[in-house]
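Thanks for coming. I will go through one structure this morning, starting with two residues and ending with the chain as a whole.

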Amino acid sequence: MEDIKHEIKLRPTVVADLEILFQFQLDPEANYLAAFTSKDSTNKETYLAKYTKLLNDPTVNNQTIIAGTVIAGSIAKFIMGDDAEITYWIDKNFWGQGVATTALKEFLKIETARPIFGRVAFDNSGSQKVLEKCGFVKISTDTGFANARQTEIEEFIYRLDA
């Protein structure tokens, strides 16, 4: 198990969090691993407008991840087609410390939509491990255009039923 150096808490995301969360997704390595990002992840106005709108969408459960006293990332449930899906983004400074796993376990206590799906780039082994530690099972693969890589790549689809 990873060494968790901070107490991890979740709280509903507020507009004031978006500035910090925007900065996290500018990291080139994080963007590459996430792969399926927005077309222009560097456009702050577009990011703030999109996520401010999502904060008011009752089908989306946006939570901010707090590690100790600082924002360490975000986690959310959203609807894609007819399916509930999970997404999370962890500040690179917190990678490898169990933050994502702990946050996802806590999130799954408050977000009860099941089944819930997770999608992850074929080479993002860190995120694959997080999903598996939280009970998600890889059920299939798909291909899609990854904006962060400007090419089509394979993604793994995970599912949690209980």
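One definition first: a residue is called buried under 20% relative accessible area, exposed over 50%, and partly exposed in between. Also keep in mind that what you see is a predicted model.

Start with isoleucine 139. Which strand holds isoleucine 139? Isoleucine 139 sits in strand S6, which covers residues 137–146. Is this residue buried, exposed or partly exposed? Its relative accessibility is 45%, so isoleucine 139 counts as partly exposed.

Now its surroundings. Leaving aside residues up to four places away in sequence, isoleucine 139 touches Phe117, Ile157, Tyr158 and Arg159. For a distance along the backbone, take leucine 160, which is 21 residues away from isoleucine 139 along the chain. The C-alpha atoms of these two residues are 9.8 Å apart.

The second residue is aspartate 17. You will find aspartate 17 in a loop, with strand S1 (8–12) on one side and helix H1 (18–24) on the other. Is aspartate 17 buried or exposed? Aspartate 17 counts as buried because its relative accessibility is 3%.

What does the side chain of aspartate 17 pair with? There is a polar contact of 2.7 Å between the side chains of aspartate 17 and arginine 11. Arg11 also appears among the residues that aspartate 17 touches, along with Pro12, Thr64 and Ile71, again not counting residues up to four places away in sequence.

Now the chain as a whole. The chain contains five helices and seven strands. In sequence order the pattern reads β-α-α-α-β-β-β-α-β-α-β-β.

On dimensions, the C-alpha trace spans about 35 × 35 × 30 Å along its principal axes. A compact globule of 162 residues would have a radius of gyration near 15 Å, and the chain has 15 Å, so the two agree.

Inside the chain, 43% of the 162 residues are buried. Take the contacts between residues at least 6 apart in sequence: 63% of them join residues at least 24 apart.

On the outside, the chain exposes about 8,700 Å², and 53% of that comes from carbon and sulfur atoms.

Last, charge. The chain carries 18 positive and 23 negative side chains. How far apart are the centres of the two sets? The centres lie 3 Å apart.

To recap the two residues: isoleucine 139 is partly exposed, whereas aspartate 17 is buried. That is the end of the talk.

Technical notes:
Residues numbered from 1 in each chain as written. Predicted model: local features only at pLDDT ≥ 70, side-chain atom pairs only at ≥ 80, totals over all residues. Heavy atoms only, no water. Helix = DSSP H or I, 4+ residues; strand = E, 2+ residues; numbered from the N terminus. Buried < 20%, exposed > 50% of the residue type's maximum accessible area, 1.4 Å probe, protein only. Contact = heavy atoms within 4.5 Å. Polar contact = N/O pair within 3.5 Å; in protein donor to acceptor, adjacent residues only side chain to side chain. Rg over C-alpha atoms; globule rule 2.2 N^0.38 Å. Areas by Shrake-Rupley, 256 points an atom, 1.4 Å probe, with all protein chains shown as cover. Lys, Arg positive; Asp, Glu negative; His and termini not counted. Charge placed at Lys NZ, Arg CZ, Asp CG, Glu CD.
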